[in-house]
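Let's take a walk through this fold, one sheet at a time. Keep the structure open beside you as you read.

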Amino acid sequence: MNIKVFTNRASKICSRFFCFLSVCLLASCNQSQVIKIGYLNWNGENEMARNIMSSFKEKASEYNVEVIEKDAQNNEKTQWDQSLELIDGGAKVLVIKPVNTVLAADIVRYAHKKGVIVIANDQLIKNCPLDYYVTFDSRKVGEAMATEAIRSKPKGTYVIFSGDKSDDNADLVKEGVYKILQPEISNGNIKVLYSSYIEAWSLENAVNTMDMIVNLSGNKPVDAVIAASDDMARGAIQVLENENMLEQTYISGQNADIESLKSIANNKQTITLAKSPKTLGYALAELAVKVATGNNKINIQVNGETPNGFQNVPSVLFDPVVVNKTNIDQFVANSGYLKKEVLE
């Protein structure tokens, strides 16, 4: 073979090889540059939690990031172990809905040792240098519940179900409720028959508490039940309906769960305070990507601060929406995640 020809062929082979090698190295480099964002869910069986996560992943998919989700199934030890796995596994940002708002402070402190930013999802983590908090304004939730209650039942006996005592949101909702109710309590228009925190914000615990209240009151009418979640509202409805006491009772809830939307449509629950999971999920994703990548083109802005016992946490706060019988069809149509068939 002619030496010149051989040399040209060898040169072309080498050129193709190095071109292939460069492509492989570039692909490897790009792969290694994909930023990891960890997402710690408190309980994937919860409807609101599932919908927020779904919206988070939908928005995050628009950017070159990898989302790694873990579900603690309401177990604080499991959540701690999962946080270590995500932090040590290279996550740059950790989004967390804490199982325990006090113990989760240890997760924040460990994350900071590793240079990881922590964003709290709709539940404040207390007494720690938390980086960001994204939520709906819980005081306004309570204020709206109480305002609508007075509009419906300006006089009478009230029952107030606050959420789990360990959750800062429970106190904030309660604070909003009493801000509106207190003048009416003081002038005698409203009598608070019973006020209690409900562990885990659960339907079952609300049923047990409501059943006790009805029995102790001798089955006297209850004019209003201000329940801080839809699960608790449905628990109260279950008891009052069984005792034929529901028809004239105002019932509030929070989260716009599908079953509670059906209850509103069927004249059982009066209102729910909608905290759009799409709004929360999108905002969490945009904030997580923005702080992880430094992409200032992402239009998400901190608009408030929330004290957590250690510092004022930079916060993204949204206003809740009152959903009742008059606007429920419009709410479902405009929600972006519900279909009109949910009311059937």
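What follows goes through two sheets, two cores and a few residues.

First, some ground rules: this is a predicted model, in which local features need pLDDT of at least 70, side-chain atom pairs count only at pLDDT 80 or more, and totals for chains, interfaces and linings use all residues. Residues are numbered from 1 along each chain as its sequence is written, and side-chain values use heavy atoms, with hydrogens and water left out.

Start with the open sheet of seven strands, which has mixed pairing and runs in the order β2-β1-β3-β4-β5-β12-β11. Strands here are DSSP runs of E with at least two residues, helices are runs of H or I with at least four, and both are numbered from the N terminus; two strands pair if DSSP finds at least two bridges between them. β2 (65–71) and β11 (304–307) stand at the edges with a single partner strand each, so one side of each has no neighbour in the sheet. From one strand to the next, the twist averages 25° (axes are lines fitted to C-alpha atoms, for helices over the stretch in contact, and angles run from 0 to 180 degrees between N-to-C directions).

Now zoom in on β1 and β2, which run parallel and are joined by seven bridges. Asparagine 41 stands opposite aspartate 71 in β2. To get from β1 to β2, the chain goes through helix α2 (residues 47–60), in a right-handed β-α-β crossover; that means that, with the strands pointing away from the viewer, the path from the first strand over the helix to the second runs clockwise. Helix α3 (residues 76–88) lies across β1 (35–41), β2 and β3, at about 180° to β1. β3 (residues 93–96) also pairs with β4 (residues 117–121), in the parallel sense over four bridges, and leucine 94 stands opposite valine 118 in β4.

On to the other sheet. Six strands make up this open, mixed sheet, in the order β7-β6-β8-β9-β10-β13. Its edges are β7 (190–197) and β13 (321–323), each with a single partner strand, so one side of each is left without a neighbour in the sheet. The twist averages 15° from one strand to the next. β6 and β8 pair in the parallel sense over four bridges, and tyrosine 158 has alanine 224 in β8 as its bridge partner. Helix α6 packs on the sheet, touching β6, β7, β8 and β9, with its direction at about 170° to that of β7. α8 packs on the sheet too, touching β6, β8, β9 and β10.

What about the inside? The largest nonpolar core (buried Ala, Val, Leu, Ile, Met, Phe, Trp, Tyr and Cys residues joined through side-chain atoms within 4.5 Å) has 40 residues, and Phe161, Leu181, Met210, Val225 and Ile226 are those with the most contacts inside it. Among the elements giving two or more residues to this core are α5 (138–152), α7 (203–216) and β8 (224–227). A second, separate core of 25 residues includes Val95, Ile119, Phe136 and Val316.

Is serine 162 in strand β6 buried or exposed? Serine 162 is buried, with a relative accessible area of 3% (buried means under 20%, exposed over 50% and partly exposed in between, with a 1.4 Å probe and protein chains only). Leaving aside neighbours within four places in sequence, its contacts (heavy atoms within 4.5 Å) include Ala170, Tyr197 and Met232.

Finally, look at helix α10: 13 of its 17 residues are buried, so α10 is largely enclosed by the rest of the structure. After α10 comes glycine 294, whose phi is positive, near 75°.
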